[in-house]
Amino acid sequence: MSDHKPYSSDASDEQWALVEPVITAWKAAHPSVSGHRGRYEMREIVNAILYQNRSGCQWDLLPHDLPPAGAVKYYFYKWRDDGTDQTIHDLMRWQLWEKNRRLADPSLIVMDTQSIRTAVGVPADTTGKDASKRVPGRKRCLAVDVTGLVVEAVVLPASAHDNAAGTALLDGVAAQMDTVKKALVDQGFKKTVVDHGKRPGIDVEIVERNPADTGFVPQAKRWIVEQTNGILMFYRRLVRDYEHRPTTSRSRVFWAMTSVMVRRLTGATIASWRTA
């Protein structure tokens, strides 16, 4: 490991031991044509990705004691494109399920969308405006289990209807596992999603708000996805969408949740931005 002073976002020895086998296997499967093994340690590449996700800094503003932006970008985009980021994320999720003595795959998921503003320079053809929330940007769509862990993530223009988000999430979940039998959604989702869920055998229930309720009232079970959205807001790279490609935004979600899960697996904590 390098001699730089650790950042709070860095993976500890125990946390790196959880991630390292996947990275080592990836390196073995992608040898350099010239036989070069790489100038930078993979652990420092991962630490740089975690640092940027947590701090929200630009590529060119990565600290000088971390690998240069060009090297970090290379691996970040490689892992995004070949699914290594999701492989690491899913492995951590399965380990956390086992630690919590739950079945390997869930039978119930909760789906929701969150409209996020985009930064200047994000291509206009990948963004839109959420008419109901009046938010210009993109729509981050999540399917989580009852513990709040992400099962699937999709990023669409904010103008996309929740039905498009729901069908994309259901397709993604069904492609990963066949154990999911029920999905809870809010009233933004319509009959199209309910009908689409019947194809893979998922019963989609639209949880309606109690007309007698006034103000904010959390809905049992369905509220867990809102907690996950709140956790993602601690990662400043996710507070606003800076990414040119929606697939990059999706990758950011997986890295943020990987950071959350390795800390839960090792019993570590990280200070929130609200901490004095």
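This note goes through several local features of the structure, which is a predicted model.

1. Helix α7 and its buried face. Helix α7 spans residues 224-232, and its buried residues are Ile224, Val225, Thr228, Asn229 and Leu232. Seen down the axis of α7, these buried residues fall within an arc of 150°, so they line one face of the helix.

2. What covers that face. The cover over the buried residues of α7 includes three strands, namely β1 (108-117), β3 (135-144) and β4 (150-157), and it also includes the helix α8 (246-266).

3. Serine 115 in strand β1. Serine 115 is found in strand β1, and β1 is itself among the elements that cover the buried residues of α7. With a relative accessibility of 14%, serine 115 counts as buried, because the cut-off for that class is under 20%. The side chain of serine 115 makes a polar contact with the side chain of aspartate 130, at 2.6 Å. When its neighbours within four places in sequence are left aside, serine 115 is in contact with Asp130, Lys133, Val135, Arg138, Lys139 and Ala158, so that Asp130 appears both as a contact and as the polar partner of the serine 115 side chain.4. Serine 9 ahead of the first listed helix segment. Serine 9 lies in the segment before α1 (13-29), and at 5% relative accessibility this serine also counts as buried. Apart from its neighbours within four places in sequence, serine 9 is in contact with Leu50, Tyr51, Arg54, Arg263 and Ile270.

5. The pairing of α1 with α3. The axes of α1 and helix α3 (residues 69-82) come within 13 Å and cross at roughly 90°, which means that α1 is roughly perpendicular to α3. On the α1 side the residues that meet α3 are Ile23, Trp26 and Lys27, and on the α3 side their counterparts are Tyr75, Lys78, Trp79 and Asp82.

6. Cysteines and disulfides. How many disulfides does a search of the whole structure find? The search finds zero disulfides. As for the surroundings of individual cysteines, cysteine 57 counts as buried at 12% relative accessibility, and cysteine 141 is buried with a relative accessible area of 0%.

Technical notes: Residues numbered from 1 in each chain as written. Predicted model: local features only at pLDDT ≥ 70, side-chain atom pairs only at ≥ 80, totals over all residues. Heavy atoms only, no water. Buried < 20%, exposed > 50% of the residue type's maximum accessible area, 1.4 Å probe, protein only. Helix = DSSP H or I, 4+ residues; strand = E, 2+ residues; numbered from the N terminus. Arc of directions from axis to C-beta. Contact = heavy atoms within 4.5 Å. Polar contact = N/O pair within 3.5 Å; in protein donor to acceptor, adjacent residues only side chain to side chain. Disulfide = S-S within 2.5 Å. Axes fitted to C-alpha atoms, helices over the stretch in contact; angles between N-to-C directions. Parallel < 35°, antiparallel > 145°, perpendicular 65-115°, else oblique.
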